[in-house]
Amino acid sequence: MTKLVQTLVDGLGVGSTYALLALGISLIFGVMHLVNFAHGELITVGAYAAYFFFLHGGSWWWMPAVIITMAMIASVFTELVAFRWVRNASPFTLLLTSFAIERLSHALWQIFVSPKQRPFPKPAWVFNQFKIGNVSFEVMDIVTISVTVATLAITALVFKRTLFGLSVRAAAEDFDAARLMGVRANRVISGAFAFAGLLAGVAACLIVMRSPAAEPSMGSDWLLKAVIAAVIGGLGSFSGAVVGGIVLGLLETFTRAYLPEVATGWDKFSTALVFILIAAFFVVRPDGIFKVSHAERV
Amino acid sequence: MLEVKEITTRYGAITALHGASLEVRQGELVALVGPNGAGKTTLLNTVAGLLRPATGSVHFDGADITGNEPASLVRAGLALVPEHRRIFKDLTVEENLRLGGATATKAQRRERLDEAAEVFPVLRAKWNTSAGFLSGGEAQQLAVGRALMSNPRLLLLDEPTLGLAPTIVDVVFELLGRLREQGRTMLVVEQNATRALQLADRGYLLRTGHVVASGAGAALAADTGLFDSFIGDSTPRSGT
């Protein structure tokens, strides 16, 4: 029972980070049919922002604002300098462009900062534990889950209530029809990138609080998981991305916790098993949990 | 109010419009008719800014709007109800309407939402329903209502009765008549050619990208000889 609850909380913690990233990927896919493989780089940007901020005497109080702002700027910037110019190109061109940005970002951090990991202090309370009954939780688990819930609630509100949110949803369904409503193409796409940056920034905060270090290629692992989560949920479906993220997080932690330990090194097998399960899932439901009828296949 | 001069629009190697011209004056209802593939939708989409003409010009209230973004055209007072309606199925009825008023101020938007609820009782009944669940007739009324949310001085309608049951076609024509009485200037592409021409002040007959005839709506409709030669069927057709 104790193990079950702890695994569940762990899974929700990891899963909610995936969910934030997957939502950003689904958002960008919605408005421009781009599977943005450079999305993970926003985490890297956030981590380096934190590193430099500490170098210049920053404290954890201001850190989230710095990380989120930098991730948003970076996200909008990639659209402005790269994606805007290939907006009407084929999805394949868009995809390659995002790969190029990802590689370029790795290279730039390696050249201008260092190929090595750059650590910075973590907030003191992160791994503090507390007990409810005889189950012990880390403070960070609770922070992760509640921050994600709050972020998703705000996101839902923005998409439901604001004109910007309506424009993004409409543009995701039928871009030209949205333009006929007076929605400006550049503005809605920039806005979507800014919002995806915000979500990635929140995810980056949660990630660097746990492992406070910046590394050139740190975004890649997260990115892969986030893309998988978005695809599980049904690319272009916003609620699907969230569900996909949570499902993937739970799947990972549960296989890790409950697979029998055959020999040392076999814990790696849990990752393999997760991917096998995902492959099997796509055989059954190739369009993900929430099928998006108007999304073009890439 | 609207002057389309000699526009030619191409899709890659295919030319859909060959120097077509037409004019819509303040307060008029102008019908644009013609067989399938004549370029009617291309013409409306070019005027609304979704397509850019290769040659020719479009003037709205004297200003050259050729190739302008749809977003700026909506702000100038021009709205298109596109072919197949293209309402946002993932959005609720109310959200569709709100987005239609994207260019209006908050107060105007609220006022027009109330108006829309009054004018379209069918929509009021489904205010918070996803637009994907609407019937064809309801969806068409939503498409028109959504375009009206920007309070356009010129309303372009592309096949507003396409795919609708005969009784619903009547509802749509009634709505067009009402909008006309209110003084709304309209350019309508219609498959129910005779009926549209009878309602219209003037009409244009488009065939393979050329304007081949124009004149007072009723006269054009009565000229069945001309009609048969171009459309081959002068009786009003109901929805497909």
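1. In this predicted model, chain B contains an open sheet of four strands, arranged in the order β2-β1-β4-β5 and paired in the antiparallel sense. The edges of this sheet are taken by β2 (14-24) and β5 of chain B, and because each of these has a single partner strand, one side of each is left without a neighbour in the sheet. Helix α1(B) packs on this sheet, where it touches β1, β2 and β4 of chain B, and its direction makes about 115° with that of β1(B).

2. Within the four-stranded sheet, strand β1 (residues 2-11) of chain B and strand β4 (residues 55-60) of chain B are joined in the antiparallel sense by five bridges. Two positions help a new reader to find this pairing in the structure: B:Leu2 has B:Phe60 as its bridge partner in β4(B), and B:Val4 stands opposite B:Val58 of that strand.

3. On from β4(B), the pairing continues to strand β5 (residues 63-64) of chain B, which runs antiparallel to β4(B) and is joined to it by two bridges. Here B:His59 stands opposite B:Asp64 in β5(B). The two strands form a hairpin with two residues between them, and in this hairpin B:Asp61 takes a positive phi near 55°.

4. Chain B also holds an open sheet of six strands, in the order β6-β7-β8-β3-β9-β10, whose pairing is mixed. Its edge strands are β6 (78-81) and β10 (210-216) of chain B, each of which pairs on one side only. Neighbouring strands of this sheet are turned by 15° against each other on average, if direction is ignored.

5. One pairing of the six-stranded sheet can be followed in detail: strand β3 (residues 29-33) of chain B and strand β8 (residues 185-189) of chain B run in the parallel sense and share four bridges, with B:Val30 standing opposite B:Leu187 in β8(B). Helix α1 (residues 40-47) of chain B lies across β3, β6, β7 (154-158), β8 and β9 (202-207) of chain B, and runs at about 150° to β7(B). A reader may therefore wish to view α1(B) from both sides, since this helix touches β1, β2 and β4 of chain B as well as lying across strands that include β3 and β8.

6. Taken as a whole, the secondary structure of chain B comes to ten helices and ten strands. The radius of gyration of chain B is 17 Å, close to the 18 Å that the globule rule gives for 240 residues, so chain B is as compact as a globular protein of that length. Along its principal axes, the C-alpha trace of chain B spans about 45 × 40 × 35 Å.

7. In chain A, helix α2 (residues 41-55) packs with helix α9 (residues 218-233) at an angle of about 140°, their axes being 7 Å apart; the two helices are therefore oblique to each other, and their crossing is right-handed. The contact is made by A:Glu41, A:Ile43, A:Thr44 and A:Ala47 of α2(A), together with A:Met218, A:Gly219 and A:Trp222 of α9(A). By class, the residues of this contact divide into four nonpolar, two polar and one charged.

8. Where the chains meet, 15 residues of chain A are in contact with 20 residues of chain B. On the chain A side, α6 (163-173) and α7 (175-180) each supply at least two residues, and the largest share, six residues, comes from α6(A). This side of chain A has seven nonpolar, two polar and six charged residues.

How values were computed
Residues numbered from 1 in each chain as written. Chains lettered and ligands numbered in written order. Predicted model: local features only at pLDDT ≥ 70, side-chain atom pairs only at ≥ 80, totals over all residues. Axes fitted to C-alpha atoms, helices over the stretch in contact; angles between N-to-C directions. Parallel < 35°, antiparallel > 145°, perpendicular 65-115°, else oblique. Left-handed = near helix turned anticlockwise from the far one by under 90°. Contact = placed C-beta atoms within 7 Å. Nonpolar A, V, L, I, M, F, W, Y, C, P; charged D, E, K, R; others polar. Pairing = 2+ DSSP bridges. Rg over C-alpha atoms; globule rule 2.2 N^0.38 Å.
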